[in-house]
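Reader: Could you take me through one part of this model at close range? I would like to hear who its neighbours are and how the chain travels between them.

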Amino acid sequence: MKDAFGIPQSLLVLGGTSEIALATARRLVVRRTRTVWLAGRPSPALESAATQLRSLGAEVHTVAFDALDPESHETVLGKVFAEGDIDMVLLAFGILGDQAHDEREPVAAVRVAQTNYTGAVSAGLVSARALQTQGHGSLVVLSSVAGERARRADFIYGSSKAGLDVFTQGLGDALHGTGVHVMVVRPGFVRSRMTAGLEEAPLATTPEAVATAIELGLRRRSETVWVPGALRVVMAAVRHLPRAVFRLLPL
């Protein structure tokens with residue numbers, strides 16, 4: 001169960017090598033989290049992440065999980081929940097893709113959509129049902145400001161995040177009153193391996209800053225978290241710009 005300040009004692013990370021997820025796990029372990037499950041494709045990076053969290057005092061397990069294999073999600077995640085209650089599920093997997101390449105290669109574009117949206121829908125529903133069955137817990141989903149409005153530079157990635165964002169909001173409404181807390185996290189440009197080599201956008205942030213915002217959101221039981229917070233105002237304006245004007249912006 002969560003402590004009095006909303007910090008989970010047990011955490012399941014879907015996307016166990018995500019820099020944002022690991023920054024969040026480190027922050028929570030330092031606070032009160034004692035058991036962590038890192039779910040992802042088996043790799044040295046996944047094992048390294050587990051070792052890092054163990055060094056902070058957590059009991060850490062790794063589990064083979066593939067976002068692109070939704071048929072396996074009920075079995076894989078069911079085994080985790082069978083081991084005991086999970087206080088928080090952090091859905092953090094996703095790929096950016098290569099917009100120019102993916103426009104020319106539709107199969108690659110579909111892989112972005114299947115990973116970021118289809119896989120997340122499957123894993124999100126399985127996790128939500130398990131949390132509802134145990135009667136408590138939080139489902140935290142990493143969305144993106146890229147889903148707020150389609151941009152020429154990344155509309156394939158942005159569309160997948162837009163779908164995920166709407167799905168998560170609807171899931172939160174469906175679970176309202178069940179004891180399950182659903183929170184959408186919308187970071188802007190995050191300095192990470194995924195964005196290495198890309199031109200940095202205004203209001204860029206870090207995995208650690210996102211982790212801090214997630215912890216605060218858990219304590220407040222927020223439904224939506226923007227990182228940084230100023231993006232809420234910026235995107236409210238951008239969302240309503242006429243398309244003719246929007247196309248002229250250097251976005």
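**A close look at strand β2**

Author: Happily! Strands β2 and β3 (residues 59–64) run parallel and are joined by 6 bridges. Strands here are DSSP runs of E with at least two residues, helices are runs of H or I with at least four, and the numbering starts at the N terminus. Two strands count as paired if DSSP finds at least two bridges between them. One residue to click on is Val36, whose bridge partner in β3 is Val60.

Before going on, a word on the source: this is a predicted model, in which local features need pLDDT of at least 70 and side-chain atom pairs count only at pLDDT 80 or more, while totals for chains, interfaces and linings use all residues. Residues are numbered from 1 along each chain as its sequence is written, and side-chain values use heavy atoms, with hydrogens and water left out.

Now turn to strand β1 (residues 10–14), which pairs with β2 over 5 bridges, in the parallel sense. Here Trp37 of β2 has Leu12 standing opposite.

How does the chain connect these strands? β1 leads through helix α1 (residues 19–31) to β2 in a right-handed β-α-β unit. Right-handed means that, with the strands pointing away from the viewer, the path from the first strand over the helix to the second runs clockwise. From β2, helix α2 (residues 44–54) and β3 complete another β-α-β unit, which is right-handed.

Finally, is β2 covered? Mostly: of the 6 residues in β2 (35–40), 5 are buried. Buried means under 20% relative accessible area, exposed over 50%, and partly exposed in between, with a 1.4 Å probe and protein chains only.
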